[in-house]
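Subject: The structure I promised

Hi there,

Here is the structure we talked about, with my notes below it. Have a look at it first, and then read on.

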Amino acid sequence: MPVRRRRHGGSRRTQEERRSRTQARLLDATMDCLVDLGWSGTSTTEVARRAGVSRGAQQHHYPTKMVLVAAALEHLLEAQRLAYERAFAVLPAERRDVAGALDLLWEVFRDKPAKALTELAVAARTDDELRPLCRDLNERVLQVIVETFERLFPANTLTPEFTDSVLRGVFAMFVGLSVQNALDDDESGHQEAVLRTLKDFARRLVPEPGAAPTAASTAVSTKT
């Protein structure tokens with residue numbers, strides 16, 4: 001009877017796939033804990049329970065809470081970037097402009113990855129162990145927003161310095177709006193009114209493709 005040879009390559013791939021799936025479940029569970037329970041209520045025990053894995057498996061992949069959160073932070077940043085790019089890719093052609101992009105960005109800020117990142121940033125203010133991990137968190141989120149803007153609007157005539165400052169302002173505004181939205185779900189419509197005003201301003205700076213540049217966008221693009 002012929003001896004069946006073991007396919008080591010296939011076995012390794014299967015182990016890698018299992019490892020990746022387990023890690024993804026743990027990282028997603030960490031995000032859910034941060035959103036539902038906050039930083040103080042997030043524990044490795046609860047994360048393992050929500051992920052449906054044993055404590056031993058959780059400790060094998062992420063030995064401590066800080067190691068787990070550090071990995072989750074990277075996972076959340078990537079999830080936020082992909083969510084925005086995928087959403088814009090399926091946006092109808094008539095809405096693929098700066099106003100549509102801002103609508104999508106606002107949706108991203110109200111989704112779980114952004115809420116979890118905000119929870120970490122706020123908690124880091126008073127947590128000496130968490131603070132070093134989150135010190136450059138805002139800068140990294142901003143970098144994702146800037147890179148995405150440049151890919152979506154490559155023909156814009158704004159100077160890099162002005163673009164950076166404006167996107168920083170938008171980011172700060174959306175962080176504040178998202179915190180308030182988490183408290184009142186925009187019962188009075190104030191957040192929506194702010195978003196409408198912001199879109200009106202953005203249209204003046206970044207005209208739709210094929211449209212003539214506005215006086216505001218021309219002045220900014222030629223300013224030295």
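How do the side chains of Asp-200 and Arg-203 meet? They form a salt bridge, at 2.9 Å from N to O. Before I say more about that pair, please keep in mind that this is a predicted model.

Asp-200 and Arg-203 are both part of helix α10, where three residues, or about one turn of the helix, separate them. Asp-200 is partly exposed, with a relative accessible area of 43%, and Arg-203 is partly exposed too, at 38%. Elsewhere, Asp-36, Glu-46, Arg-49 and Arg-50 are joined into one network by salt bridges that share partners.

**The overall picture**

The protein has 11 helices and zero strands. Of its 224 residues, 37% are buried. Among contacts with a separation of 6 or more, 64% are between residues 24 or more positions apart. The accessible surface comes to about 13,500 Å², and carbon and sulfur atoms account for 53% of it.

**The nonpolar cores**

The largest nonpolar core contains 44 residues, and Trp-39, Leu-120, Leu-130 and Phe-174 are those with the most contacts inside it. At least two residues of this core come from each of α1 (8–41), α4 (65–89), α5 (98–109), α6 (112–124), α8 (137–152), α9 and α10. The helix that gives the most is α5, with eight residues.

Phe-174 is a good place to start looking. Setting aside neighbours within four places in sequence, Phe-174 is in contact with Leu-102, Leu-105, Trp-106, Phe-109, Leu-195 and Leu-198. There is also a second, separate core of 11 residues, which includes Leu-26, Leu-27, Ala-51 and Leu-68.

Ala-51 brings us to helix α2 (residues 44–51), whose buried residues are Thr-44, Glu-46, Val-47, Ala-48 and Ala-51. After α2 comes Gly-52, with a positive phi near 75 degrees.

**Helix α9 and what follows it**

Does the length of α9 fit its residue count, and what span should we expect? At 1.5 Å a residue, its 25 residues should span 36 Å, and the end C-alpha atoms are 36 Å apart, so the two agree. The buried residues of α9 are Thr-163, Leu-167, Val-170, Phe-171, Phe-174, Leu-177, Ser-178 and Asn-181. Their cover includes α5, α8 and α10.Arg-168 also lies in α9, and is partly exposed, with a relative accessible area of 32%. Its side chain meets that of Asp-164 in a salt bridge (2.9 Å, N to O). The two are four residues apart in α9, so about one helical turn separates them. Asp-164 counts as partly exposed at 29% relative accessibility. Leaving aside neighbours within four places in sequence, Arg-168 is in contact with Glu-139 and Leu-142. The C-alpha atoms of Arg-168 and Gln-143 are separated by 9.7 Å, with their positions 25 residues apart along the chain.

The loop between α9 (160–184) and α10 (190–205) holds Asp-185, and Asp-186 lies in that loop as well. Asp-185 has a positive phi of about 55 degrees although it is not a glycine, and Asp-186 likewise has a positive phi of about 55 degrees without being a glycine. Which of them is buried and which is exposed? Asp-185 counts as exposed because its relative accessibility is 59%, over the 50% cut-off. Asp-186 counts as buried because its relative accessibility is 19%, under the 20% cut-off.

**Salt bridges and cysteines**

The structure holds 14 salt bridges. One of them joins Glu-85 and Arg-151, whose closest N and O atoms are 2.1 Å apart. This pair links distant parts of the chain, with Glu-85 in helix α4 and Arg-151 in helix α8, 66 residues apart. Glu-85 is partly exposed at 23% relative accessible area, and Arg-151 is partly exposed at 48%.

How many disulfides does a search of the whole structure find? The search finds zero. As for the cysteines, Cys-33 is buried, with a relative accessible area of 0%, and Cys-134 counts as buried at 8%.

Happy to talk any of this through.

Best wishes

Note on methods:
Residues are numbered from 1 along each chain as its sequence is written. This is a predicted model: local features need pLDDT of at least 70, side-chain atom pairs count only at pLDDT 80 or more; totals for chains, interfaces and linings use all residues. Side-chain values use heavy atoms; hydrogens and water are left out. A disulfide is a pair of cysteine sulfur atoms within 2.5 Å. Buried means under 20% relative accessible area, exposed over 50%, partly exposed in between (1.4 Å probe, protein chains only). A nonpolar core is a set of buried Ala, Val, Leu, Ile, Met, Phe, Trp, Tyr and Cys residues joined through side-chain atoms within 4.5 Å. Contact means heavy atoms within 4.5 Å. The expected span of a helix is 1.5 Å times one less than its number of residues. Accessible areas come from the Shrake-Rupley method with a 1.4 Å probe; for residues, only the protein chains shown count as cover. A salt bridge is a side-chain nitrogen of Lys or Arg within 4 Å of a carboxyl oxygen of Asp or Glu.
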